[in-house]
Amino acid sequence: MKKTIFALFFIAAGCAGTNSITYDTSTENLLQFSETIDSDFLRHHLQIIAHDSLEGRDTGMRGQKIAARYLAEFYEDLGFTPKGDNDTWFQHFELNAIATDSLVYTTYHVEGSDSLAINTTVEAPGSYGHYYRTFGGNMPLEGDIVFAGFGVNDYERNIHHLDGDELEDKWVMIFDDIPYVVDGDTLINPRISSNNRMSLILRNYNAKGILLISDQSSANYNEAAERHSRLVANPANLSLRYLQQGQRGQSMPVAELQISPLMAAGILGLGSESDLDAARDSLIKNIHDFRASQTSHYLRYEPYAGPGFLETENVLAYFEGADPELKEEALVLVAHYDHLGIGSPDETGDMIYNGADDNGSGTVALMAVANALNQARQAGYKPKRSVLFLHVSAEEVGLLGSRYYSDHPVIPIENTIANFNADMVGRSDSRNVEAGDTDYVYLIGGDIISSELDSMVVAANERSVNMRIDRHYNNLNDPNQLFRRSDHWNFGRLSIPFVFFFTGLHDNYHRPSDTVDRIEFDKYTRIVQLIYSSTIKVTNADERPEVDNQEFIDITNRVPR
Ligand SMILES: [Zn+2]
């Protein structure tokens, strides 16, 4: 490539002033700055965005706010224009949430009409006791505790643990693990799974809840309880507050709890954990004789709801075009920077959902495009139209950040000429790995919406990286419906033509193992260069692209505005 463009090319007039610089808007010259995009930049920033200390960038949580500030500082350093609320970088919005601050468990000993609270424990971030919740809603629950052995009826094998004392409206305490095979004998039908045991007890027997006696030692129980306690206050069921969307799932009338071996032993009148092990062994020996039997204990479960809403923010940075009239029009580049936060651990115990590909890759892709544009500007080049860099939050909880933006746009919708979305652009999927060719990018949108926009991206590809464009998902009738499954849809629904850049799903998708070391940096770099080149083509085109596919027009006409 020609290196001459990197020579200083300031055409600054003699006296200072913001209007004193004129820019060269040549497409050919601008396209060459795609070469400034390299894997070192991408790796450096992705390692920060996907770092454990950002705790998975969960919407409304600490890590997401750190990422937002990081993005703001990046654009501040580039000298871009903040386009958020009151000339800040941030567009704030509120979400309804179901949040539990804490769960209080009180165990009573009951004798006749007397009951005595023998233990109260609180489950909250950083504290836990003899119970922890594995599922349950925000409704308080209370009832007698019935011990039901292994919680299984297997009449073929003469096992009747759910028969005996009444289970309706009771807490049913059972051993967590099921002894399917003991000493080579099949004791319990292997088709009876833990899950169908649960639903039988809760639905058919109408129990209030299940207490699973942890099959781990107290030490391991404590470790698991500590891990779970950190998730208690995670907000759930988020929705946009200004849309007054209803809250779902608030009144789950049942719960499933883990109970410590020590508390279970106490309820069964046993002295210690080893007595409990012995009781389990003897239950296996007498598995046919056992029937459910009421204990002399009672449990009250009380969830305390948190504030019920939280605040999050999109980050908006603006790069003004050079043409005095066309600069009023803008291409919006969107990438969500939120992810799933801290959640259930995987096999390795990792609980941080780093989201390197989803969507650290798209986030850093936008930063790299911005950086290349800035280098072009410093050398005296600018495209005619403007670019808005829109980093949205709350994608993983239902595309809420892009929805908020599209209802509160900072560039009028009629001046928004197109949208590019980068969401998961750093990997390859098994479909292409198996076919033996991973030098591809999926384009979704484009010609199923606007043939002109599509041809601009195709031309940009031919002119720059020349990757294989895979249109596998690019069909309005594709069962995956990817044309409406990420943030571009909030532009598409307003008839703004879009292209979604995507490299596909993989085994680490929405798992703690979506980490930076799995990113294919060479390919990722080429995709970002393609996004940059496409950005130049669209912002510099003579005419803005029109939506011209009637089928797509029909779909968007059915969407309520
Ligand atoms: Zn995503």
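## Phe-147 and its surroundings

Leaving aside residues up to four places away in sequence, Phe-147 touches Met-173, Leu-268, Ala-292, Ser-293 and Thr-295. The structure shown here is a predicted model, and in this model Phe-147 belongs to strand E6, which covers residues 141–147. Phe-147 counts as buried because 26 C-beta neighbours lie inside 10 Å, where 20 or more are needed for that label. A contrast in distance is given by Glu-28, which is 119 residues from Phe-147 in sequence and 77 Å from Phe-147 in space, taken C-alpha to C-alpha.

## Two domains and their contact

The chain is divided into domain 1, made of residues 4–98 together with 311–557, and domain 2, made of residues 100–305. Between the C-alpha centres of domain 1 and domain 2 there is a distance of 47 Å. Where the domains meet, 18 residues of domain 1 are in contact with 16 residues of domain 2.

On the side of domain 1 that touches domain 2, the elements giving two or more residues are strand E2 (90–98) and helix H9 (400–407), and E2 gives the most, with 6 residues. Sorted by class, this side of domain 1 has 11 nonpolar, 5 polar and 2 charged residues.

## The nonpolar cores

The largest nonpolar core has 98 residues, of which Leu-333, Ala-365, Val-369, Ala-370, Phe-501, Val-528 and Ile-531 touch the most other members. The element that gives the most to this core is helix H8 (residues 356–378), with 11 residues. For Ala-365, the residues touched are Ala-335, Ala-422, Val-425, Val-528 and Ile-531, again not counting residues up to four places away in sequence. A second core, separate from the largest one, has 43 residues, among them Tyr-131, Leu-141, Val-152 and Ala-292.

## Helix H5: a buried side and an exposed side

Helix H5 runs over residues 218–229, and because each residue should add 1.5 Å, its 12 residues should span 16 Å, which agrees with the 16 Å between its end C-alpha atoms. Within H5, the residues Tyr-221, Ala-225 and Ser-229 are buried. These residues cover an arc of only 65° around the axis, so they lie on the same side of H5.

Ala-219 and Asn-220, on the other side of H5, are exposed. The buried residues of H5 are covered by elements including strand E4 (114–123), strand E5 (131–136) and helix H6 (261–267).

## Backbone details to look for

A cis peptide bond, with omega about -5°, joins Asp-358 and Asn-359. Asn-359 has its place in helix H8, and H8 is also the helix that gives the most to the largest nonpolar core.

Two residues other than glycine have a positive phi: for Glu-55 the value is near 50°, and for Leu-399 the value is near 55°. Glu-55 is placed in the loop between helix H2 (39–49) and helix H3 (62–78), while Leu-399 is found in the loop between strand E18 (386–392) and H9. Glu-55 counts as buried because 20 other C-beta atoms lie within 10 Å, and Leu-399 is likewise buried, with 20 other C-beta atoms within 10 Å.

Notes: Residues numbered from 1 in each chain as written. Predicted model: local features only at pLDDT ≥ 70, side-chain atom pairs only at ≥ 80, totals over all residues. Helix = DSSP H or I, 4+ residues; strand = E, 2+ residues; numbered from the N terminus. Expected span 1.5 Å × (residues − 1). Buried ≥ 20, exposed ≤ 12 C-beta atoms within 10 Å, placed from the backbone. Arc of directions from axis to C-beta. Contact = placed C-beta atoms within 7 Å. Core = buried A, V, L, I, M, F, W, Y, C linked by C-beta atoms within 7 Å. Domains from an automatic or database assignment. Nonpolar A, V, L, I, M, F, W, Y, C, P; charged D, E, K, R; others polar.
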